[in-house]
Structures are given as structure tokens and as C-alpha cells.
Amino acid sequence: AQARGFCGCFLMRQEVDAQPFLGETRNVPSPLDCQRVCQNTAGCEHFVWGSWQGCYTKGNQPSSWKGNTQVAWIDRTNDPNMYVSGPKVCPAPTTSTTTTTTSITTVTTTPAAAVTTTVSMSGSTRPVGTCFDGVWSAREEATDCGGVSCQPCGCYRFKTDVEAEPFLGESKNVPSPAECQSLCQRTTGCLNFVWGSWQGCLFKGNEPSYWRGNTAVRWVDKSSDPNLFVSGPVNCPTQTTTTTTSTTVATTTTTTTTAASQLPAA
């Protein structure tokens with residue numbers, strides 16, 4: 001390169017103006033070799049290599065006789081010879097590391113695990129749908145299904161009959177509300193079911209009973225009935241669990257600045 005400037009820790013087309021001048025060594029083929037001469041010369045802190053293969057060794061004091069207060073550099077850009085100056089030892093390589101931390105939030109929604117509850121009735125225990133305490137009986141109490149009115153409990157309404165049309169029929173010997181709901185799912189047009197403690201299962205649609213003057217599907221309180229009524233839809237709403245996971249990703253960028261270890265010969 002012919003332009004002035006730095007090459008590694010070597011300064012091209014510049015002569016270091018420092019004292020004391022310790023001498024010149026001839027037949028030195030490169031700036032790197034001249035630097036090694038400096039390293040082997042007592043008191044040498046700077047070197048100047050010339051394209052005539054001369055190597056000056058110098059100290060680290062300013063040329064006070066020139067009025068300098070610090071080590072100076074003499075521009076040799078216009079000199080027919082190439083000058084290369086540098087310190088006795090190039091500074092050690094430096095590494096700069098920048099770490100960028102990025103937070104990634106992942107939201108996962110998954111169906112909730114099925115809740116298995118039981119029916120305690122007539123001395124037997126059978127699976128049933130979702131309920132707060134997992135146990136109900138013909139004498140269901142309000143606390144068993146989460147409210148003073150005892151409805152709803154999960155997606156089932158206890159002590160309640162659904163008033164909806166059309167009425168699609170009844171199946172007998174159905175042991176639990178869950179099995180009644182399952183039968184409703186397999187019955188064309190069934191959108192609501194009513195299970196009774198006599199083990200009856202009523203299938204109904206989802207239209208209001210207009211002949212009763214209803215404008216919407218209505219739920220009829222059966223709290224005073226000696227039988228237990230449990231009503232519900234053909235399918236319980238899907239329960240979901242939302243999990244938010246925060247992941248921290250660290251990206252590291254390393255920049256290494258290496259001092260010159262070798263300079264091509266001129």
C-alpha cells in the first residue's frame with residue numbers, strides 16, 4: 001500500500017521522532033524483522049525501517065532539542081524511500097463482546113385435562129361430568145356444585161330441567177348424566193339432554209317452547225322435585241389451559257481486533 005496510515009500497529013510512510021537514537025542495523029529485510037531487532041536492543045522502544053533495508057532503533061523520549069513535549073511522527077509521504085515505524089511490541093489483540101438479550105414469549109393454549117368426577121347413588125359410584133367437588137347424590141347440596149342455586153356445575157345444571165323443543169324421546173336405564181349426554185350426542189337433532197334419577201334420559205332440541213310463550217330456551221327449577229334432574233348441552237364447552245412461556249435468547253457478537261503479526265516486504 002502506498003497511502004500513509006496504520007497497518008496493524010505499524011505506521012506507514014512515517015518516521016518516529018524519539019530519543020535516544022540507539023543506532024542503525026543494515027540488511028534488515030522487513031519491518032517485522034526490524035521490530036525484532038528493536039526487541040533485542042537494550043533501551044529500544046520504537047523502530048524505523050527503511051526500504052534501503054535499514055533499521056533505526058530509538059527510545060521513548062521526545063526530541064526535546066526540537067522543542068517536542070512528546071514522541072512525534074515525521075511525515076515521509078514524499079520521500080522516495082518507504083518508511084515504516086512502530087513500537088517495540090504491538091499491543092495484544094483486543095476482543096470486544098456485545099451480548100444482546102431478546103425475550104420471546106410463547107403463548108400455548110391446550111385443552112384442559114378431562115376432569116373425572118363420580119356419582120354416589122344407590123350405593124354405587126359411577127363416572128359423571130365435571131363438578132366442583134366430584135361427588136353428588138340425590139340430595140345434592142348447593143356447596144357440592146358451587147352456588148346457592150346449585151347451578152351450573154361444570155356444564156351440567158343440577159335440579160334443573162331444560163325446556164326446549166322438539167322433544168325427541170326418552171331412553172331408560174341410563175345410569176348417569178354423562179351417559180345420557182353421550183346418548184344425546186348420538187341422537188339426530190339432540191342439542192340438550194335431561195337425566196333423571198329414575199335413570200331416564202330425555203333428548204331435546206334447542207328451540208324455545210313457543211306453545212308455552214317462551215322466546216328462548218328456558219331452564220326450569222326442579223329443586224322441590226323428589227327426583228334429581230340434571231340437564232346439559234350435547235357437548236360441554238371445551239375447557240382450555242393457556243400457558244405463557246418466556247424464553248430468553250442471548251445473541252453474542254464478538255469483535256476481535258488483532259495487532260499486525262506480519263507485514264509484507266515492500
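How many helices and how many strands does the secondary structure of this protein come to? It comes to 2 helices and 19 strands, where helices (H or I, at least four residues) and strands (E, at least two) are DSSP runs, numbered from the N terminus.

Before going further, I should say that this is a predicted model, in which local features need pLDDT of at least 70 and side-chain atom pairs count only at pLDDT 80 or more, while totals for chains, interfaces and linings use all residues. Residues are numbered from 1 along each chain as its sequence is written, and side-chain values use heavy atoms, with hydrogens and water left out.

Let me begin with the protein as a whole. Of its 266 residues, 35% are buried; buried here means under 20% relative accessible area, exposed means over 50%, and partly exposed is in between, with a 1.4 Å probe and protein chains only. The protein exposes about 15,000 Å², and carbon and sulfur atoms supply 50% of that area, as computed by the Shrake-Rupley method with a 1.4 Å probe, where for residues only the protein chains shown count as cover. If we take contacts (heavy atoms within 4.5 Å) between residues at least 6 apart in sequence, 68% of them join residues at least 24 apart.

Now to helix α2, residues 177-185, whose buried residues are P177, C180, Q181 and C184. These residues lie on the same side of α2, because they cover an arc of only 100 degrees around the axis, the arc being that of the directions from the helix axis to the C-beta atoms. As background, an α-helix has 3.6 residues a turn, so residues three or four places apart point the same way.

Two of those helix residues bring us to the disulfides, of which a search of the whole structure finds 5, counting a pair of cysteine sulfur atoms within 2.5 Å. C180 is bonded to C201, with the sulfur atoms 2.0 Å apart, and at 85 degrees about the S-S bond this link is right-handed. Because C180 lies in helix α2 and C201 in strand β16 (residues 200-207), the pair ties together parts that are 21 residues apart in sequence. C180 is buried, at a relative accessible area of 0%, and C201 is buried with a value of 0% as well.

The other cysteine of the helix, C184, is joined to C190 by a disulfide with an S to S distance of 2.0 Å; that link is left-handed, at -105 degrees about the S-S bond, and both C184 and C190 are buried. Elsewhere in the sequence, C38 and C44 form a disulfide with their sulfur atoms 2.0 Å apart, again left-handed at -105 degrees, and both of these cysteines are buried.

Turning to the strands, which way do the residues of β13 (residues 160-163) point? T160 and V162 point one way, D161 and E163 point the other way, and all are buried. Strand β13 pairs with strand β17 (residues 218-221) in the antiparallel sense over 4 bridges, two strands being paired if DSSP finds at least two bridges between them. Within this pairing, T160 stands opposite D221 in β17.

I will finish with V230, which is found in strand β18 (residues 229-233) and counts as buried at 0% relative accessibility. V230 and F193 are 37 residues apart in sequence, and their C-alpha atoms are 8.3 Å apart in space.
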